[in-house]
Amino acid sequence: MAEVILHAELREIFGKKVGRLRREGKIPGVFYIHGENNITVALPEKSLTKLIHSTEANLINLKLSDGSEKKCIIRDYQLDPITEKPVHVDLQGIRADEQLTIEVPVIITGATPQGIKDGGMLQHIIHKLKISCLPKDIPSHIEINGENLLINQSVHVRDIKAENFTILENESTTILAVLPPVVEKVAEVVAPVVEEITEPEVVGKGKKPAEGEEKAAE
């Protein structure tokens with residue numbers, strides 16, 4: 001896993017006043033590690049945004065404005081719901097001999113799946129997996145080769161061979177799948193029912209002869 005340098009200022013601005021920091025292009029955050037006091041910091045927005053949206057897991061060498069350095073990872077962050085810019089970040093300090101929990105990106109490798117060539121649709125469902133491991137064993141990403149997938153086939157958490165780390169997800173969780181093509185239903189055209197119109201029976205006009213009159217006429 002790559003190690004990146006992130007510069008941070010020690011922050012003494014709190015509450016509603018942190019809005020001024022954001023307008024200056026700085027994001028408020030907190031560094032914490034058990035057994036030590038929390039350190040409030042302000043980080044450059046551009047550098048932090050790049051790390052948040054990276055397709056690789058990164059170990060951070062946090063260089064503070066007082067000259068000290070801290071090894072950490074991004075534990076959590078909050079985004080503005082409208083601009084999607086970071087508004088706060090939590091940095092978790094790490095120790096070389098202690099297990100930690102981290103989310104690692106999932107990357108699809110290999111040629112185009114056979115199921116896609118046959119008309120199916122690829123669905124990448126899980127983009128990050130939560131794992132537990134020592135800092136030295138953090139993978140930059142987890143690769144899944146999907147080129148042999150056919151229509152209606154999928155890759156689950158249980159199919160991943162984890163080396164030096166433990167995946168903290170339900171083993172039946174689907175990560176990648178090839179769905180069958182969508183077939184549009186064509187509405188059946190039904191001919192309208194036409195009722196046959198019959199003419200009413202015509203009844204003869206005139207007075208019906210009284211009984212016995214027919215014979216008299218004859």
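These legends describe close-up views of one predicted model. Local features need pLDDT of at least 70, side-chain atom pairs count only at pLDDT 80 or more, and totals for chains, interfaces and linings use all residues. Residues are numbered from 1 along each chain as its sequence is written, and side-chain values use heavy atoms, with hydrogens and water left out.

**View 1. Strand β2 and its two partners, β3 and β6.** Strands (E, at least two residues) and helices (H or I, at least four) are DSSP runs, numbered from the N terminus. Buried means under 20% relative accessible area, exposed over 50%, and partly exposed in between (1.4 Å probe, protein chains only). Strand β2 spans residues 26–32; five of its seven residues are buried, so the strand is largely enclosed by the rest of the structure. Two strands pair if DSSP finds at least two bridges between them. β2 pairs with β3 (residues 39–44) in the antiparallel sense, over six bridges. With β6 (residues 86–93), β2 runs parallel, joined by four bridges. G29 faces V41 in β3, and its bridge partner in β6 is V89. The β2–β3 hairpin has six residues between the strands, and there G35 takes a positive phi near 95°.

**View 2. The two sides of helix α2.** Helix α2 covers residues 45–52, and its buried residues are E45, L48, L51 and I52. These four cover an arc of only 130° around the axis, which puts them on the same side of α2 (the arc is that of the directions from the helix axis to the C-beta atoms). On the other side, K46 and K50 are exposed.

**View 3. The surroundings of N61 in strand β4.** Strand β4 runs over residues 58–64 and holds N61. N61 is buried, with a relative accessible area of 7%. Its side chain makes a polar contact of 3.4 Å with that of E69. A polar contact is a pair of N or O atoms within 3.5 Å; within protein, one must be able to donate a hydrogen and the other to accept it, and residues adjacent in sequence count only if both atoms are side-chain atoms. Contact in general means heavy atoms within 4.5 Å. Leaving out residues up to four places away in sequence, N61 touches E3, V4, I5, L6, E69, K70 and K71.

**View 4. Edge strand β10 in a sheet of four strands.** The sheet is open, has mixed pairing and follows the order β10-β7-β9-β12. Its edge strands are β10 and β12 (166–167), each pairing on one side only. β10 (residues 142–145) pairs with β7 (residues 100–109) in the parallel sense over four bridges. V106 is matched with I142, and T109 with N145. In a regular strand the side chains alternate between the two faces of the sheet. On β10, I142 and I144 form the covered face, while E143 and N145 form the uncovered one.

**View 5. The largest nonpolar core.** A nonpolar core is a set of buried Ala, Val, Leu, Ile, Met, Phe, Trp, Tyr and Cys residues joined through side-chain atoms within 4.5 Å. The largest has 23 residues, of which I102, L129, I131, I142, I144, I160 and I175 touch the most other members. β7, β9 (128–133), β10 and β13 (174–179) each supply at least two residues. The largest share, four residues, comes from β7. A second, separate core of 17 residues includes I39, L51, L62 and V89.
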